[in-house]
Amino acid sequence: MEEVGEIKESSTSSFVFKATADVRKLDYVLVEDILAQIWEIKQQSQGTFAHAVVIGSLRKNYMIRSPLKIGSKVYKAEEKIAKKILGICEEGIYIGLLKDTEIKVHLSPDILIQKHICVLAKSGSGKSYAMGVIVEEFIKKGIPVLIIDPHGEYVSLRRPNLNKQEIKQMKKFGVKPKGYVKNVYEFAPICSRNREAIPLYLDETNLSYQDLLNLLPNATPLQKGILYEAVKRAKEEKKFYFLNDILEAIKESKSNAKWNLIPQIEQIISMKLFSINYTPIREIIKKGRCSIINLRGTPPYIQEILVGLLLNKIFEERKNEEIPPALIVIEEAHRYCPERGQGKSFASNIIRTIASEGRKFGIGLAIVSQRPARVDKNVISQCNTHIILKTTNPNDLKAIVASVEGLDAKAADEIQMLPVGVAIVAGLPLAAPIFVEIRPRETMHGGELGKI
Ligand SMILES: Nc1ncnc2c1ncn2[C@@H]1O[C@H](COP(=O)(O)OP(=O)(O)O)[C@@H](O)[C@H]1O
Ligand SMILES: [Mg+2]
């Protein structure tokens with residue numbers, strides 16, 4: 001092991017050593033069997049001094065209870081040891097290399113389905129790119145993925161990466177261009193602009209009173225009464241009833257409150273979200289399949305309703321084990337589950353429910369947002385793995401540091417300076433936050449489609 005210095009000052013959480021060899025910020029060093037990371041280096045007339053923060057030890061349940069001895073030798077940490085102490089998995093979801101090393105960073109797929117993940121950063125810093133990397137890995141493992149894609153940027157998962165600069169980088173990361181044309185299915189509601197996608201319809205048969213109430217969150221008690229009567233009547237008259245039958249039943253009501261309810265039901269019908277020829281959930285969540293719900297061109301309030309209804313159905317069917325465990329990616333999550341006081345969304349409740357209960361049933365959430373401060377805190381706080389890219393907005397930084405375990409003020413400084421494509425990854429199963437160079441995409445990144 002290469003000796004790099006000697007301890008001059010120490011506490012139970014960090015130490016300063018005088019460097020006798022070339023050391024750099026973020027290098028991992030070892031004192032006996034204790035791993036630490038250099039966070040600051042100072043040059044003084046007496047020499048170069050590095051400040052290192054203790055991470056952990058190979059010994060199980062080790063806790064440092066007295067400062068490391070002054071004069072102890074400091075060594076460069078061997079990659080194998082650093083990897084072990086940091087808790088980087090040997091296999092799983094390959095996201096990139098530990099910065100400035102050849103150590104491949106894997107996240108455990110179990111952790112991603114039984115726990116949740118969030119990717120937070122300002123716009124343009126590589127969130128969707130990194131999420132694309134994670135989705136590629138899930139596709140390779142055959143684990144079902146559903147992507148709520150407001151910009152239609154994930155359809156490019158079908159095509160191999162042709163970006164010359166990225167192809168040059170691939171060797172270092174051990175990646176090759178590849179498209180997943182057989183696995184990736186694109187769905188879109190009929191009101192969107194995506195004519196090539198498979199039309200997405202929800203089941204219109206026998207909507208229950210509760211289903212309709214979900215669609216009409218602002219219904220008054222009188223309207224609810226009319227609705228209840230209408231559903232009851234439709235049920236009595238037909239084995240299979242549809243939205244039009246309910247509308248007719250409402251029209252027959254004697255109450256004047258129906259006049260406000262009728263246009264609301266007509267509006268729901270006009271959204272064309274429902275049909276008898278609906279898309280079965282088992283076609284959307286399926287082994288080996290990555291389903292993209294392309295919402296480009298869909299009006300925002302319809303997006304919310306669709307996402308809300310779809311996730312409700314998926315959660316229900318997963319609870320009944322009608323579909324396999326899956327990962328649900330929500331891009332621009334601040335739109336679909338906003339923080340209180342930052343707007344309302346029809347999909348908020350179900351996303352919150354999946355965030356708190358999804359794990360039990362094998363539904364993992366992957367939340368992506370450029371406005372961490374505007375995403376429901378209840379949802380972010382349920383995430384166990386965090387991928388943080390460059391963020392500069394003070395409110396967003398505050399929200400990140402507050403919700404990510406292991407991040408402090410000095411990490412916040414680093415987050416502001418991260419280059420594009422470099423992430424801080426924190427949370428399970430890692431002993432401490434790590435810096436990761438996200439690997440090049442095998443597939444084309446959708447954000448680039450416009451440039452071709
Ligand atoms: N890991 C990476 N490697 C190479 N280029 C990247 C990487 N991450 C991001 N980029 C580049 O940065 C651009 C913006 O990334 P994107 O993921 O679309 O940002 P965001 O979703 O955060 O707004 C991409 O078009 C891509 O060119
Ligand atoms: Mg994006």
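This is a short tour of a predicted model, with stops at a ligand, a strand and a pair of helices.

**Stop 1: ligand 1.** Start by selecting ligand 1 and the 16 residues around it. Which of them come nearest? Look for Gly126, Lys127, Ser128, Gly421 and Gly447. Now color that shell by residue class: you should find 5 nonpolar, 8 polar and 3 charged residues. Next, highlight helix α3, residues 127-141. Helix α3 gives the most to the shell around ligand 1, with 3 residues.

**Stop 2: strand β11.** Move on to residues 184-188, which make up strand β11. Is this strand largely enclosed or open? Of its 5 residues, 4 are buried, so the rest of the structure largely encloses β11.

Keep β11 selected and add strand β15, residues 290-294. The two run parallel and are joined by 4 bridges. To see how they line up, pick Glu186 and find Ile292 of β15 opposite.

Then add strand β12, residues 198-199, which also pairs with β11 in parallel, here through 2 bridges. Ala188 is the residue to click this time, as Pro199 of β12 stands opposite Ala188.

**Stop 3: helices α6 and α7.** Finally, show helix α6 (residues 221-237) together with helix α7 (residues 243-251). Two packed helices are described by the angle and the distance between their axes. If you draw the axes of α6 and α7, they come within 8 Å and cross at roughly 120 degrees. The pair is therefore oblique, and the crossing of α6 and α7 is right-handed.

How values were computed. Residues are numbered from 1 along each chain as its sequence is written. Chains are lettered from A and ligands numbered from 1 in the order in which they are written. This is a predicted model: local features need pLDDT of at least 70, side-chain atom pairs count only at pLDDT 80 or more; totals for chains, interfaces and linings use all residues. A residue is near a molecule or strand if its C-beta atom, placed from the backbone, lies within 6 Å of it. Ala, Val, Leu, Ile, Met, Phe, Trp, Tyr, Cys and Pro count as nonpolar, Asp, Glu, Lys and Arg as charged, and the others, Gly among them, as polar. A residue is buried if 20 or more other C-beta atoms lie within 10 Å of its own, exposed if 12 or fewer, and partly exposed in between; C-beta atoms are placed from the backbone. Two strands pair if DSSP finds at least two bridges between them. Axes are lines fitted to C-alpha atoms, for helices over the stretch in contact, and angles run from 0 to 180 degrees between N-to-C directions. Angles under 35 degrees count as roughly parallel, over 145 as roughly antiparallel, 65 to 115 as roughly perpendicular and the rest as oblique. A crossing is left-handed if the near helix is turned anticlockwise from the far one by less than a right angle, and right-handed if clockwise.
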